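Q: Could we go through this model together, beginning with its packing?
A: Certainly; the structure is shown here.

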Amino acid sequence: MRTRRLGDLEVAELGLGCMGMSQFYGDADERESMETIRRALDLGVTMLDTADMYGAGANERLLGRAIAGRRDEVVIATKFGQARGPSGEPLGVRGDPEYVHQACDASLERLGVEWIDLYYQHRVDPKVAIEETVGAMAELVAAGKVRHLGLSEAAASTIWRAHAVHPITALETEYSLWTREVEDEILPTVRELGIGFVAYSPLGRGFLTGRFRRPEDVPADDSRRKHPRFQGENFERNLALADRIGQIAAAKRVEPAQLALAWVLHRGDDVVPIPGTTGQGHLEQNVAAAAIELDDADLAQLDEAAPMGTTAGDRYADMSSIER
């Protein structure tokens, strides 16, 4: 697999999102999830993305077990900031320096590693100046616990302020054919500053794969049941979008998921998508998307099929923590 640079960090051009292995998208088989992580490493994937909130720490523990004995092959990216109680109950967003240090130490213990390659603030805490939070994160770098810093879902002005305190290596934010708003201000900002962009949910939370034809196709224990884009009239409008992408994929003789990933990969060499999956079959399909070439005509056709603003519904039911 080819590599790309996120700031001064080199990673494979495609990463692996591990969230769904522990929470949100229904039950996952732990053994299969661990084998999927190991298969990803075999295929050349280097960046594995997790967060302390996924499964209230369970996802970090899972990842740590999966990479045992293979630490030198892995770029571990994890996040802090969405605090959870002992039973996983939400406790709000925290970015105070004391919590930054506590969260990092807890993540290191769960992962079973001595350092974190890329440490993100998961959501910006509006009660704490970003300078204070990033200052504490910089102390983690100085202590050797963290090697690179990142932000997630931060506003352009926040990115500027954070980068002035300590170099920010990557911004992780949703980006796909059905979520293109970052093209207005966020992408130009990170490119001006030399910050890499990590695209989460590059398959539109699975919607762009063509898997879901009716709202009822989403499992009852899957958080997407409550997602605005998976409900009612929004679902029907978005299904038409997914069908257009599916038709283009069929004409190119690739899977819709592969076409959607190839599109993200063609947005620039500073963009690294991290599709999530819990199975080796889908993983291998996703990795194969890195070999798909799209020419100007292909990209223009996709722009026409999925222009910015065409998707129906907000990205989250509660958008208050987005782009702070």
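**Core packing, a helix pair and backbone angles**

Q: Which residues does Leu48 touch, leaving aside those up to four places away in sequence?
A: In this predicted model, Leu48 touches Leu16, Cys18, Ile37, Leu41, Leu63, Ile67, Val74, Val75, Ile76 and Ala77.

Q: How many residues are in the largest nonpolar core, and which have the most contacts inside it?
A: That core has 86 residues, and those with the most contacts inside it are Leu16, Leu48, Ile67, Ile159 and Phe197.

Q: Which helix gives the most to this core?
A: Helix 8, residues 256–265, does, with 8 residues. A second, separate core has 13 residues, including Val11, Val75, Ala77 and Tyr120.

Q: Turning to helix 5 and helix 6, at what angle do their axes cross?
A: The axes of helix 5 (residues 156–165) and helix 6 (residues 186–193) cross at roughly 15° and come within 9 Å. Angles under 35 degrees count as roughly parallel, so helix 5 is roughly parallel to helix 6. Their crossing is right-handed.

Q: Which residues meet there?
A: From helix 5, Ala156, Ile159, Trp160 and His163 meet Ile186, Thr189, Val190, Glu192 and Leu193 of helix 6. This contact comprises 6 nonpolar, 2 polar and 1 charged residues.

Q: What about the backbone: where is Ser201, and is it buried or exposed?
A: Ser201 is in the loop between strand 11 (196–200) and helix 7 (232–252), and is buried at 15% relative accessible area. Although not a glycine, Ser201 has a positive phi of about 50°.

Q: And Arg253, buried or exposed?
A: Arg253 is exposed, at 81% relative accessibility. Arg253 lies in the loop between helix 7 and helix 8, with a positive phi of about 60°.

Conventions. Residues numbered from 1 in each chain as written. Predicted model: local features only at pLDDT ≥ 70, side-chain atom pairs only at ≥ 80, totals over all residues. Heavy atoms only, no water. Core = buried A, V, L, I, M, F, W, Y, C linked by side-chain atoms within 4.5 Å. Buried < 20%, exposed > 50% of the residue type's maximum accessible area, 1.4 Å probe, protein only. Helix = DSSP H or I, 4+ residues; strand = E, 2+ residues; numbered from the N terminus. Contact = heavy atoms within 4.5 Å. Axes fitted to C-alpha atoms, helices over the stretch in contact; angles between N-to-C directions. Parallel < 35°, antiparallel > 145°, perpendicular 65-115°, else oblique. Left-handed = near helix turned anticlockwise from the far one by under 90°. Nonpolar A, V, L, I, M, F, W, Y, C, P; charged D, E, K, R; others polar.
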